[in-house]
Amino acid sequence: MFDQHLWRQQLIDHLEVFARHPRQEVQLAGSPGVVPHLALRTMTPFMNAIYDNPVDAIVTLATITHDAGANLLVSRMIRTRYPTALDIERNLRASTDLCITIERLMIELQTIPIALRNLNARRGFWLRSTIERELDAYPWSFVWIRDLLRELNGQDRIEALRRLRSRNGRYTSGDLTLIEKALSDAAAQTRAYAARLLGVMVDTPPPDLTRRLLDVALRDSDAETRFAAARTIGLLRERIISGDALAYIESHLVHDDSFFRSSAALVLGQLGEHAGKPTVVQRLCQLLCDRDAYAREAAARALGRIGPPAALPQVIEALEQATQDDDVQVHEAATDSLALLRQYAELSVQAAA
């Protein structure tokens, strides 16, 4: 059954691909701009559904908008089964009614916020500024999208978060609600700021907030934001790291995506000895042979920061091999961690003597 929830979910899937290389995807698709490209992405689930489940598709469209442009959209989708971004561009310039309908769809389905949430700060700025520039070339004003872009700029939310600094880490339930929302903000700067605020929290964060912080550290698209969240997890580790939380982080070490593997190693490094679970140490050793250099470097550094629990002969041997890595960053990380673990191993031998 095609409904608004499924429409948005399929749109999210499309935009995850877009987020990997947004400029290149627009160019490779032959799109005349970002706006028609995102408009086409927004309508693709509907275009597919109108042939497979036409009644559901039209009813779902009507729940979002039933203006004159909606009827025009349906008739054109039926006539042109696979329209291109260039076709969308022509329609946006030729029909005010279609402009209104497409704009409403992009607003209601949250196309732009979803796209921004998957981008790092630099690409997010590029996307917002490019959309703003392209909108000026259309006859329709796109007031809703312009208002949304101003809202997504995040300055008001940043200011609200800055005011929380005066709390000195003693947050009210309302403050924590604001921080949790900010961790899901479309602007990477806002997410990073919220993560840092949690790092000075006096009390133990609620479980839902802890899980959200973990997801930011492991999965956020922005490197600065991931590090801010990982650093906060390290600061709060004695209060928030349970067996379940550690198992959740550990599961990312064997994820198919190297992005998640390296992020997990970064978080484990921030946990220090709290990450000294035998299976974690073993998987970090395995990660030293990963095909991705970032994952290898993160694993090497994590083993050194875990300290005594990782000062084992097999770990030292794995790091010795990693010092021969062709990547300079991996070599340096392995060398530094190897020196640390050898010291811990010597201290352990002396203590046992």
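## Close-ups of a predicted all-round helical chain: legends**View 1. The largest nonpolar core and its best-connected members.** In this predicted model, the largest nonpolar core holds 63 residues, and the members that touch the most others are Ile233, Ile249, Leu268, Leu284, Leu303 and Leu319. Helix H20, which runs over residues 293-306, supplies the largest share of this core, with seven residues. There is also a second core, separate from this one, with 49 residues. Val26, Ala39, Ala85 and Ile112 are among the members of that second core. As a bit of background, nonpolar side chains in soluble globular proteins tend to be buried together.

**View 2. Who sits around Ile249?** Which residues is isoleucine 249 in contact with, once its neighbours within four places in sequence are left aside? The list is Leu214, Leu218, Ile241, Ala264, Val267, Leu268 and Leu271. Look again at Leu268 here: like Ile249, Leu268 is one of the residues that touch the most other members of the largest core.

**View 3. Lys277 reaches Glu250.** The side chains of lysine 277 and glutamate 250 form a salt bridge, with 3.1 Å from N to O. Lysine 277 is in the loop between helix H18 (258-271) and helix H19 (278-287), while glutamate 250 is in helix H17 (residues 243-251), so this pair ties together parts that are 27 residues apart in sequence. Is the acid of this pair buried or exposed? Glutamate 250 is buried, because its relative accessible area is 4% and the cut-off for buried is under 20%. Lysine 277, on the other hand, counts as partly exposed, at 33% relative accessibility.

**View 4. Arg283 joins in on Glu250.** Glutamate 250 also has a salt bridge with arginine 283, and here the closest N and O atoms are 3.0 Å apart. Arginine 283 belongs to helix H19 and glutamate 250 to helix H17, so the pair ties together parts 33 residues apart in sequence. Arginine 283 counts as partly exposed, at 31% relative accessibility.

**View 5. A salt bridge inside helix H20.** Glutamate 297 and arginine 301 are both in helix H20, four residues apart, which is about one turn of the helix. They form a salt bridge whose closest N and O atoms are 3.5 Å apart. Glutamate 297 is buried, with a relative accessible area of 19%, so it falls just inside the cut-off of under 20%. Arginine 301 is partly exposed, at 24%. Back at the pairs of the two previous views, salt bridges with shared partners join Glu250, Lys277 and Arg283 into one network.

**View 6. Stepping back to the whole chain.** The protein chain has 22 helices and zero strands. Its C-alpha trace spans about 85 × 45 × 35 Å along the principal axes. Of its 353 residues, 50% are buried. The accessible surface of the chain is about 17,300 Å², and carbon and sulfur atoms account for 50% of that. Among contacts with a separation of 6 or more, 71% are between residues 24 or more positions apart. How many salt bridges does the count come to? The count is 16. As for charges, there are 41 positive and 45 negative ones, and their mean positions are 3 Å apart.

Technical notes
Residues numbered from 1 in each chain as written. Predicted model: local features only at pLDDT ≥ 70, side-chain atom pairs only at ≥ 80, totals over all residues. Heavy atoms only, no water. Core = buried A, V, L, I, M, F, W, Y, C linked by side-chain atoms within 4.5 Å. Buried < 20%, exposed > 50% of the residue type's maximum accessible area, 1.4 Å probe, protein only. Helix = DSSP H or I, 4+ residues; strand = E, 2+ residues; numbered from the N terminus. Contact = heavy atoms within 4.5 Å. Areas by Shrake-Rupley, 256 points an atom, 1.4 Å probe, with all protein chains shown as cover. Lys, Arg positive; Asp, Glu negative; His and termini not counted. Charge placed at Lys NZ, Arg CZ, Asp CG, Glu CD. Salt bridge = Lys/Arg side-chain N within 4 Å of Asp/Glu carboxyl O.
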